[in-house]
Amino acid sequence: MRAGIDERTGGVMGIVSGVLETIGNTPLVRLRGVVPPGCAEIFVKIEGQNPTGSMKDRMAQAMIARAEDDGRLRPGDTVVEYTGGSTGASLALVCAAKGYRLSIVSSDAFSEDKLIQMAAFGAELTLIPSEGGLITKSLILSMIETAEEFGRRRGTYWTDQLTNTDSIAGYHAMGEEIWAQSGGRVDAFVQSIGTAASLRGASAPLKRRNPELRVTAVEPAESAVLSGCRPGAHRIEGIGIGYPPPMWDPALVDEIIPITTKDAEEMARRLAREEGLFAGTSSGANVLAAIQVGRRLGPDARVVTLLVDSGLKYLSTGVYRRRAALRDES
(Lines give C-alpha, C1' and ligand atoms only; values in the text may rest on other atoms or scores of the structure.)
Protein backbone atom coordinates (compact mmCIF):
# COMPACT_ATOMS: atom_id res chain seq x y z
CA MET A 1 0.00 0.00 0.00
CA ARG A 2 1.40 3.42 -0.97
CA ALA A 3 1.38 6.20 1.61
CA GLY A 4 -2.13 7.55 1.94
CA ILE A 5 -3.62 5.28 -0.75
CA ASP A 6 -5.53 2.05 -0.28
CA GLU A 7 -4.83 0.08 -3.47
CA ARG A 8 -7.84 -2.18 -2.94
CA THR A 9 -10.30 0.70 -3.00
CA GLY A 10 -8.57 2.99 -5.52
CA GLY A 11 -7.66 5.62 -2.94
CA VAL A 12 -10.88 5.54 -0.90
CA MET A 13 -10.27 4.51 2.68
CA GLY A 14 -12.35 1.56 3.87
CA ILE A 15 -13.95 1.02 7.26
CA VAL A 16 -11.49 1.12 10.17
CA SER A 17 -11.94 -0.39 13.61
CA GLY A 18 -11.28 2.79 15.58
CA VAL A 19 -10.24 6.42 15.40
CA LEU A 20 -6.58 5.71 16.15
CA GLU A 21 -6.27 3.96 12.79
CA THR A 22 -6.98 7.26 11.07
CA ILE A 23 -3.76 8.85 12.34
CA GLY A 24 -1.16 9.53 9.65
CA ASN A 25 -1.09 9.19 5.86
CA THR A 26 -1.68 12.93 5.49
CA PRO A 27 -1.34 14.63 2.07
CA LEU A 28 1.82 16.23 0.69
CA VAL A 29 0.95 19.42 -1.22
CA ARG A 30 3.10 21.67 -3.41
CA LEU A 31 2.91 25.39 -2.60
CA ARG A 32 2.50 27.81 -5.50
CA GLY A 33 1.06 31.19 -4.47
CA VAL A 34 3.53 32.10 -1.68
CA VAL A 35 6.69 30.73 -3.32
CA PRO A 36 8.82 33.37 -5.11
CA PRO A 37 10.34 32.90 -8.59
CA GLY A 38 13.65 31.07 -8.71
CA CYS A 39 12.92 29.19 -5.49
CA ALA A 40 13.03 25.44 -5.04
CA GLU A 41 9.79 23.46 -5.10
CA ILE A 42 8.24 23.75 -1.63
CA PHE A 43 6.02 20.92 -0.40
CA VAL A 44 4.05 20.86 2.84
CA LYS A 45 2.76 17.86 4.79
CA ILE A 46 -0.83 18.69 5.82
CA GLU A 47 -0.78 17.39 9.40
CA GLY A 48 -4.00 19.24 10.20
CA GLN A 49 -5.80 16.30 8.59
CA ASN A 50 -5.01 14.07 11.57
CA PRO A 51 -8.01 13.41 13.88
CA THR A 52 -7.36 16.30 16.29
CA GLY A 53 -5.95 18.54 13.57
CA SER A 54 -2.30 18.13 14.59
CA MET A 55 0.82 16.06 13.93
CA LYS A 56 0.95 15.45 17.71
CA ASP A 57 -1.58 12.63 17.27
CA ARG A 58 1.36 10.57 16.01
CA MET A 59 3.52 11.07 19.09
CA ALA A 60 0.66 10.74 21.57
CA GLN A 61 -0.27 7.37 20.14
CA ALA A 62 3.36 6.22 20.27
CA MET A 63 3.96 7.36 23.86
CA ILE A 64 0.80 5.71 25.20
CA ALA A 65 1.30 2.46 23.26
CA ARG A 66 4.90 2.01 24.42
CA ALA A 67 4.03 2.81 28.04
CA GLU A 68 1.28 0.18 27.91
CA ASP A 69 3.66 -2.37 26.40
CA ASP A 70 6.29 -2.07 29.14
CA GLY A 71 3.90 -1.62 32.09
CA ARG A 72 4.52 2.04 32.90
CA LEU A 73 0.83 2.67 32.13
CA ARG A 74 -1.78 0.27 33.51
CA PRO A 75 -5.57 0.02 33.21
CA GLY A 76 -7.22 2.53 35.54
CA ASP A 77 -4.22 4.89 35.63
CA THR A 78 -4.42 8.62 34.95
CA VAL A 79 -2.13 10.12 32.30
CA VAL A 80 -0.52 13.49 33.17
CA GLU A 81 1.14 16.06 30.89
CA TYR A 82 1.89 19.76 30.58
CA THR A 83 1.13 21.22 27.16
CA GLY A 84 0.33 24.30 25.15
CA GLY A 85 -2.60 22.44 23.72
CA SER A 86 -1.87 20.31 20.67
CA THR A 87 -0.11 17.54 22.59
CA GLY A 88 -2.89 17.73 25.17
CA ALA A 89 -5.64 17.35 22.58
CA SER A 90 -3.79 14.43 21.00
CA LEU A 91 -3.28 12.72 24.35
CA ALA A 92 -6.93 13.39 25.17
CA LEU A 93 -8.00 11.70 21.92
CA VAL A 94 -5.83 8.64 22.58
CA CYS A 95 -6.87 8.43 26.24
CA ALA A 96 -10.55 8.71 25.31
CA ALA A 97 -10.16 5.94 22.74
CA LYS A 98 -8.33 3.71 25.24
CA GLY A 99 -10.29 4.56 28.39
CA TYR A 100 -7.72 6.47 30.47
CA ARG A 101 -8.32 9.62 32.50
CA LEU A 102 -6.12 12.57 31.54
CA SER A 103 -4.89 15.47 33.69
CA ILE A 104 -3.48 18.40 31.68
CA VAL A 105 -1.43 21.36 32.92
CA SER A 106 -1.68 24.30 30.50
CA SER A 107 -1.97 28.10 30.55
CA ASP A 108 -4.02 31.07 29.40
CA ALA A 109 -1.06 31.92 27.12
CA PHE A 110 -2.29 29.31 24.68
CA SER A 111 -5.21 29.28 22.28
CA GLU A 112 -8.62 29.04 23.92
CA ASP A 113 -9.61 26.79 21.03
CA LYS A 114 -7.02 24.25 22.12
CA LEU A 115 -8.15 24.38 25.75
CA ILE A 116 -11.75 23.81 24.69
CA GLN A 117 -10.73 20.91 22.47
CA MET A 118 -8.82 19.19 25.29
CA ALA A 119 -11.79 19.52 27.63
CA ALA A 120 -14.15 18.24 24.94
CA PHE A 121 -12.17 14.99 24.81
CA GLY A 122 -12.51 14.68 28.60
CA ALA A 123 -9.22 16.12 29.86
CA GLU A 124 -9.14 17.74 33.31
CA LEU A 125 -7.36 21.11 32.98
CA THR A 126 -5.15 23.00 35.43
CA LEU A 127 -4.22 26.44 34.05
CA ILE A 128 -1.06 28.33 35.05
CA PRO A 129 -1.39 32.14 34.70
CA SER A 130 0.91 33.75 32.11
CA GLU A 131 2.51 37.19 31.89
CA GLY A 132 0.16 39.04 29.57
CA GLY A 133 -0.56 36.00 27.43
CA LEU A 134 3.09 35.55 26.43
CA ILE A 135 5.02 32.28 26.25
CA THR A 136 8.11 32.56 28.45
CA LYS A 137 10.73 30.26 29.91
CA SER A 138 9.38 30.80 33.42
CA LEU A 139 5.86 29.82 32.32
CA ILE A 140 7.08 26.60 30.70
CA LEU A 141 9.12 25.69 33.78
CA SER A 142 6.13 26.34 36.05
CA MET A 143 3.93 24.11 33.90
CA ILE A 144 6.54 21.33 33.95
CA GLU A 145 6.94 21.59 37.74
CA THR A 146 3.19 21.27 38.25
CA ALA A 147 2.90 18.29 35.89
CA GLU A 148 5.82 16.59 37.63
CA GLU A 149 4.10 17.08 40.98
CA PHE A 150 0.88 15.54 39.65
CA GLY A 151 2.88 12.69 38.12
CA ARG A 152 4.17 11.64 41.57
CA ARG A 153 0.66 10.74 42.68
CA ARG A 154 -0.27 7.08 42.92
CA GLY A 155 -1.90 5.62 39.81
CA THR A 156 -0.57 8.24 37.43
CA TYR A 157 1.74 8.16 34.42
CA TRP A 158 3.49 11.37 33.38
CA THR A 159 4.25 11.18 29.66
CA ASP A 160 6.86 13.98 30.08
CA GLN A 161 6.95 14.92 26.41
CA LEU A 162 10.18 16.93 26.65
CA THR A 163 12.28 13.91 27.62
CA ASN A 164 10.18 10.99 26.37
CA THR A 165 12.07 9.50 23.43
CA ASP A 166 9.13 7.19 22.68
CA SER A 167 7.68 10.19 20.86
CA ILE A 168 10.47 10.14 18.25
CA ALA A 169 9.30 6.78 16.90
CA GLY A 170 5.83 8.25 16.45
CA TYR A 171 7.21 10.46 13.68
CA HIS A 172 9.18 7.84 11.76
CA ALA A 173 6.11 7.05 9.66
CA MET A 174 5.87 10.71 8.70
CA GLY A 175 9.33 10.57 7.15
CA GLU A 176 8.44 7.33 5.35
CA GLU A 177 5.26 8.92 3.99
CA ILE A 178 7.13 11.99 2.76
CA TRP A 179 9.67 9.85 0.92
CA ALA A 180 6.99 7.75 -0.76
CA GLN A 181 4.75 10.70 -1.63
CA SER A 182 7.65 12.69 -3.11
CA GLY A 183 8.65 9.81 -5.35
CA GLY A 184 11.91 9.47 -3.47
CA ARG A 185 13.08 13.03 -4.11
CA VAL A 186 13.68 15.25 -1.08
CA ASP A 187 16.68 17.59 -0.91
CA ALA A 188 15.86 19.43 2.33
CA PHE A 189 13.59 19.00 5.35
CA VAL A 190 12.54 21.95 7.52
CA GLN A 191 10.82 21.79 10.92
CA SER A 192 10.34 24.05 13.94
CA ILE A 193 11.58 22.96 17.35
CA GLY A 194 9.33 22.28 20.32
CA THR A 195 10.50 19.06 21.92
CA ALA A 196 12.64 18.26 18.82
CA ALA A 197 10.99 14.83 18.50
CA SER A 198 9.29 15.54 15.17
CA LEU A 199 12.47 16.82 13.51
CA ARG A 200 14.42 13.82 14.74
CA GLY A 201 11.72 11.28 13.97
CA ALA A 202 10.79 12.47 10.49
CA SER A 203 14.29 13.29 9.28
CA ALA A 204 15.80 9.92 10.28
CA PRO A 205 14.20 7.81 7.50
CA LEU A 206 14.71 10.65 5.00
CA LYS A 207 18.39 10.86 5.90
CA ARG A 208 18.79 7.09 5.55
CA ARG A 209 17.53 7.27 1.98
CA ASN A 210 19.30 10.51 1.08
CA PRO A 211 22.49 10.98 3.13
CA GLU A 212 22.91 14.41 1.50
CA LEU A 213 19.57 15.62 2.88
CA ARG A 214 19.77 19.14 4.30
CA VAL A 215 17.98 19.46 7.67
CA THR A 216 16.93 22.89 8.94
CA ALA A 217 15.56 23.73 12.39
CA VAL A 218 13.26 26.73 12.98
CA GLU A 219 12.83 28.75 16.19
CA PRO A 220 11.22 32.05 17.28
CA ALA A 221 13.53 35.00 16.60
CA GLU A 222 12.42 36.57 19.91
CA SER A 223 13.75 33.52 21.78
CA ALA A 224 16.47 32.15 19.52
CA VAL A 225 18.27 30.13 22.18
CA LEU A 226 19.30 27.38 19.75
CA SER A 227 21.13 30.08 17.78
CA GLY A 228 22.94 31.21 20.93
CA CYS A 229 20.72 34.16 21.87
CA ARG A 230 18.94 34.93 25.13
CA PRO A 231 15.43 33.57 25.81
CA GLY A 232 12.52 35.92 25.31
CA ALA A 233 8.74 36.12 25.04
CA HIS A 234 6.93 35.21 21.82
CA ARG A 235 3.55 34.01 20.51
CA ILE A 236 4.46 31.05 18.29
CA GLU A 237 2.66 28.26 20.12
CA GLY A 238 4.26 24.82 20.39
CA ILE A 239 7.88 25.88 19.86
CA GLY A 240 10.56 27.97 21.55
CA ILE A 241 10.46 26.83 25.17
CA GLY A 242 13.25 29.24 26.20
CA TYR A 243 16.08 26.70 26.48
CA PRO A 244 17.38 23.78 24.37
CA PRO A 245 14.97 20.87 24.87
CA PRO A 246 16.55 17.65 26.18
CA MET A 247 16.00 15.81 22.86
CA TRP A 248 17.66 18.58 20.85
CA ASP A 249 20.85 17.45 19.07
CA PRO A 250 22.58 20.24 17.10
CA ALA A 251 24.64 17.65 15.22
CA LEU A 252 21.49 16.52 13.39
CA VAL A 253 20.85 19.85 11.67
CA ASP A 254 22.70 21.83 9.03
CA GLU A 255 21.33 25.21 10.06
CA ILE A 256 18.92 27.01 12.37
CA ILE A 257 16.64 29.76 11.06
CA PRO A 258 14.95 32.20 13.49
CA ILE A 259 11.55 33.59 12.41
CA THR A 260 9.71 36.44 14.14
CA THR A 261 6.20 35.95 15.52
CA LYS A 262 4.90 38.77 13.31
CA ASP A 263 6.28 37.22 10.12
CA ALA A 264 5.06 33.73 11.08
CA GLU A 265 1.55 35.03 11.73
CA GLU A 266 1.46 36.89 8.43
CA MET A 267 2.60 33.81 6.50
CA ALA A 268 -0.10 31.74 8.22
CA ARG A 269 -2.65 34.25 6.94
CA ARG A 270 -1.10 34.21 3.45
CA LEU A 271 -1.29 30.42 3.33
CA ALA A 272 -5.02 30.65 3.97
CA ARG A 273 -5.63 33.42 1.43
CA GLU A 274 -3.23 32.39 -1.33
CA GLU A 275 -3.00 28.60 -1.01
CA GLY A 276 -6.30 27.67 0.66
CA LEU A 277 -4.31 26.01 3.45
CA PHE A 278 -5.47 26.83 6.98
CA ALA A 279 -2.70 26.38 9.54
CA GLY A 280 -1.16 27.79 12.71
CA THR A 281 1.71 30.15 13.41
CA SER A 282 4.51 27.58 13.65
CA SER A 283 3.43 26.37 10.22
CA GLY A 284 3.88 29.91 8.92
CA ALA A 285 7.37 29.94 10.41
CA ASN A 286 8.14 26.61 8.75
CA VAL A 287 7.10 27.86 5.32
CA LEU A 288 9.14 31.07 5.65
CA ALA A 289 12.23 29.08 6.61
CA ALA A 290 11.61 26.58 3.79
CA ILE A 291 11.48 29.46 1.31
CA GLN A 292 14.80 30.78 2.64
CA VAL A 293 16.34 27.35 2.13
CA GLY A 294 14.66 27.02 -1.26
CA ARG A 295 16.03 30.35 -2.51
CA ARG A 296 19.57 29.16 -1.80
CA LEU A 297 19.10 25.69 -3.30
CA GLY A 298 17.46 26.99 -6.48
CA PRO A 299 14.59 25.83 -8.72
CA ASP A 300 15.90 22.31 -9.32
CA ALA A 301 15.70 21.38 -5.63
CA ARG A 302 12.80 20.10 -3.55
CA VAL A 303 12.17 21.25 0.04
CA VAL A 304 9.62 19.64 2.37
CA THR A 305 8.24 21.14 5.57
CA LEU A 306 5.21 20.62 7.80
CA LEU A 307 1.94 22.41 8.31
CA VAL A 308 1.91 21.02 11.82
CA ASP A 309 -1.69 21.76 12.75
CA SER A 310 -4.97 23.24 11.62
CA GLY A 311 -5.84 26.93 11.75
CA LEU A 312 -9.05 25.88 13.49
CA LYS A 313 -6.94 25.69 16.66
CA TYR A 314 -6.24 29.44 16.44
CA LEU A 315 -9.62 31.02 15.67
CA SER A 316 -9.70 32.78 19.05
CA THR A 317 -6.15 34.16 18.74
CA GLY A 318 -4.82 37.33 17.18
CA VAL A 319 -3.54 35.39 14.18
CA TYR A 320 -7.00 35.40 12.64
CA ARG A 321 -9.48 37.03 15.04
CA ARG A 322 -8.11 40.58 14.93
CA ARG A 323 -7.97 40.56 11.14
CA ALA A 324 -11.62 39.47 10.98
CA ALA A 325 -12.61 42.19 13.46
CA LEU A 326 -10.87 44.85 11.38
CA ARG A 327 -12.79 43.78 8.29
CA ASP A 328 -16.07 43.83 10.22
CA GLU A 329 -15.43 47.42 11.35
CA SER A 330 -14.56 48.72 7.88
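I'll start with one pair of residues: A188 has V303 as its bridge partner in β10. Keep in mind that this is a predicted model.

That bridge belongs to a pairing between strand β7, residues 188-192, and β10, which run in the parallel sense over 3 bridges. Helix α6 packs on the sheet here, touching β1, β2 (41-46), β7 and β10. The direction of α6 makes about 135° with that of β2.

Now the sheet as a whole. It is an open sheet of 6 strands, in the order β1-β2-β10-β7-β8-β9, with mixed pairing. At the edges are β1 (28-30) and β9, each of which pairs on one side only. On average, neighbouring strands are turned by 25° against each other, direction ignored.

Let me stay at the β9 edge. Strand β8, residues 214-220, pairs with β9 in the parallel sense, over 5 bridges. One of the residues involved is E219, whose bridge partner in β9 is P258. Which face of β9, residues 255-259, is covered? The covered face carries E255, I257 and I259, while I256 and P258 are on the uncovered one.

Next, the interior. In soluble globular proteins, nonpolar side chains tend to be buried together. The largest nonpolar core here has 49 residues, and L102, I178 and F189 touch the most other members. Elements giving two or more residues to this core include α1 (56-70), β4 (101-107), α3 (112-120), α7 (197-209), β8 and β10 (302-307). The largest share, 6 residues, comes from α2.

What does F189 contact, leaving aside its neighbours within four places in sequence? The list includes I178, then L199, A202, S203 and L206, then L213, R214, V215 and T216, and also V304 and L306. Apart from this core lies another, of 29 residues, among them V44, V190, V287 and A301.

Last, the helices α8 and α9. Two packed helices are described by the angle between their axes and the distance between the axes. Helix α8 and helix α9, residues 281-297, pack at about 95°, with axes 7 Å apart. Angles of 65 to 115 degrees count as roughly perpendicular, so α8 is roughly perpendicular to α9. On the α8 side the contact includes T261, D263, M267 and L271; on the α9 side it includes T281, G284, L288 and I291.

One more residue in α8, which spans residues 261-275, is R269. Is R269 buried or exposed? R269 counts as buried because its relative accessible area is 11%, and the cut-off is under 20%. Its side chain reaches the backbone oxygen of V319 at 2.8 Å.

Note on methods. Residues are numbered from 1 along each chain as its sequence is written. This is a predicted model: local features need pLDDT of at least 70, side-chain atom pairs count only at pLDDT 80 or more; totals for chains, interfaces and linings use all residues. Side-chain values use heavy atoms; hydrogens and water are left out. Buried means under 20% relative accessible area, exposed over 50%, partly exposed in between (1.4 Å probe, protein chains only). Helices (H or I, at least four residues) and strands (E, at least two) are DSSP runs, numbered from the N terminus. Two strands pair if DSSP finds at least two bridges between them. A nonpolar core is a set of buried Ala, Val, Leu, Ile, Met, Phe, Trp, Tyr and Cys residues joined through side-chain atoms within 4.5 Å. Contact means heavy atoms within 4.5 Å. A polar contact is a pair of N or O atoms within 3.5 Å; within protein, one must be able to donate a hydrogen and the other to accept it, and residues adjacent in sequence count only if both atoms are side-chain atoms. Axes are lines fitted to C-alpha atoms, for helices over the stretch in contact, and angles run from 0 to 180 degrees between N-to-C directions. Angles under 35 degrees count as roughly parallel, over 145 as roughly antiparallel, 65 to 115 as roughly perpendicular and the rest as oblique.
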